[in-house]
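The exercises below are meant to be worked through with the sequence and the coordinates side by side. Each task is followed by a solution that proceeds step by step.

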Amino acid sequence: MIPSSAHHVQGISFCLQPSPKEMMKMDSLCFSAAWSEQDYREMQEQPTFSNWLLQVPTAAQVGMLSFQSVPPELQILRLAVLPDWRKQGLAQFMLEQLEIVAKSANLESLWLEVNSANKAATALYYKQGYQETGIRKNYFINPLGDALLLKKILKYDDKQAAQ
Ligand SMILES: CC(C)(COP(=O)(O)OP(=O)(O)OC[C@H]1O[C@@H](n2cnc3c(N)ncnc32)[C@H](O)[C@@H]1OP(=O)(O)O)[C@@H](O)C(=O)NCCC(=O)NCCS
């Protein structure tokens, strides 16, 4: 693991098999419309879904990422950082790590839907090279907003492509 964007935060690691309860707890601290423990349990019963919790030694769990991988694509379902830990590069770090995993599985692209009113998240994804591929009007209710469909095509250099 190469903690590039979050190099100043010491000892970052991921819990790759968190319990549904741990996911629900983190989700409820980060989102106004939280997913339930049952939602996470059902997700984890399906092999295409993955949940990661981001950990630091001083504060245990500080962020989360949920995604579904259906080759050749990977969909990001949830990405969040606890309020006190935001603006330190941790979400960017999670996206960078996700790209490494996606590339090791030879996937073509990552995509997601995000509320156009969510300025922090849209800025994050644009900064990471995601591009708008569509829009669903009034898709989100809480808070109200259009859904932007964002996608990033993964680039492989010659060496990676040959592997
Ligand atoms: C969106 C979210 C995940 C960003 O997490 P974060 O760890 O604070 O983000 P980072 O520190 O990695 O920021 C990386 C880049 O994202 C953008 N960004 C992050 N927060 C921002 C904000 N509040 N306003 C504007 N841009 C922001 C910036 O471009 C930033 O780069 P910079 O620091 O060089 O300006 C976090 O605000 C969050 O958990 N929000 C609630 C949950 C959510 O809305 N998730 C996304 C939908 S699934």
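A residue is taken as buried if 20 or more other C-beta atoms lie within 10 Å of its own, as exposed if 12 or fewer do, and as partly exposed in between. The model is a predicted one.

**Exercise 1. Burial classes**

Task: Decide whether Glu 42 is buried, exposed or partly exposed, and do the same for Asp 27, Leu 90 and Lys 87.

Solution. Begin with Glu 42, which belongs to helix 2; because 13 C-beta neighbours are found inside 10 Å, Glu 42 counts as partly exposed. Its C-alpha atom is 8.8 Å from that of Pro 20, although the two residues are 22 apart in sequence.

Next take Asp 27, a residue of helix 1, which has 21 C-beta neighbours inside 10 Å and therefore counts as buried.

Leu 90, placed in helix 3, has 22 other C-beta atoms within 10 Å and is therefore buried as well. Between the C-alpha atoms of Leu 90 and Val 9 there are 8.5 Å in space, while 81 residues separate the pair along the chain.

Lys 87, finally, lies in the loop between strand 4 and helix 3, and with 9 other C-beta atoms within 10 Å this residue is exposed.

**Exercise 2. The buried side of helix 1**

Task: Find which residues of helix 1 are buried, establish how they are arranged around the axis, and state what covers them.

Solution. The first step is to list the buried residues of helix 1 (residues 20-30), which are Met 23, Met 26 and Asp 27. They span an arc of only 100° around the axis, and so they lie on the same side of helix 1. The general background is that an α-helix has 3.6 residues a turn, so residues three or four places apart point the same way.

The second step concerns the cover, which includes helix 2 (37-44), strand 2 (49-56), strand 3 (60-70) and strand 4 (73-81).

The third step looks at Asp 27 in particular: once its neighbours within four places in sequence are left aside, Asp 27 is in contact with Ala 34, Trp 35, Met 64 and Arg 78. Asp 27 and Glu 37, ten residues apart in sequence, have C-alpha atoms 9.6 Å apart in space.

**Exercise 3. Strand pairing**

Task: Trace how strand 3 is paired with strand 2 and with strand 4, and then describe the pairing of strand 6.

Solution. Start with strands 2 and 3, which run antiparallel and are joined by eight bridges; the hairpin between them passes through three residues. Within this pairing, Trp 52 has Leu 65 of strand 3 as its bridge partner.

Continue to strands 3 and 4, likewise antiparallel and joined by eight bridges, with a hairpin of two residues between them. Here Leu 65 stands opposite Leu 79 in strand 4. In the loop between strand 3 and strand 4 one finds Pro 72, and the peptide bond that joins Pro 71 and Pro 72 is cis, with omega about 10°.

Turn last to strand 6 (residues 131-141) and strand 7 (residues 144-153), which pair in the antiparallel sense over seven bridges and are connected by a hairpin through two residues. Arg 136 faces Ala 147 in strand 7. Of the eleven residues of strand 6 the number buried is zero, so this strand lies largely in the open.

**Exercise 4. The shell around the ligand**

Task: Identify which residues come nearest to the ligand, which elements each supply at least two residues of the shell, and how the residues of the shell divide by character.

Solution. Of the 21 residues around the ligand, those that come nearest are Arg 86, Ala 91, Gln 92, Ala 123 and Leu 124. Strand 4, helix 3 (90-104) and helix 4 (119-127) each supply at least two residues of the shell, and helix 4 gives the most, with six. By character, the shell divides into twelve nonpolar, four polar and five charged residues.

**Exercise 5. Positive phi angles**

Task: State what the phi values of Lys 87 and Asn 106 are, and where Asn 106 is placed.

Solution. Lys 87 has a positive phi near 65°, although it is a residue other than glycine. Asn 106, which is not a glycine either, has a positive phi of about 60°. Asn 106 is situated in the loop between helix 3 and strand 5 (109-115), and because its C-beta neighbours inside 10 Å number 13, Asn 106 counts as partly exposed.

Key:
Residues are numbered from 1 along each chain as its sequence is written. This is a predicted model: local features need pLDDT of at least 70, side-chain atom pairs count only at pLDDT 80 or more; totals for chains, interfaces and linings use all residues. Helices (H or I, at least four residues) and strands (E, at least two) are DSSP runs, numbered from the N terminus. The arc is that of the directions from the helix axis to the C-beta atoms. Two residues are in contact if their C-beta atoms, placed from the backbone, lie within 7 Å. A residue is near a molecule or strand if its C-beta atom, placed from the backbone, lies within 6 Å of it. Ala, Val, Leu, Ile, Met, Phe, Trp, Tyr, Cys and Pro count as nonpolar, Asp, Glu, Lys and Arg as charged, and the others, Gly among them, as polar. Two strands pair if DSSP finds at least two bridges between them.
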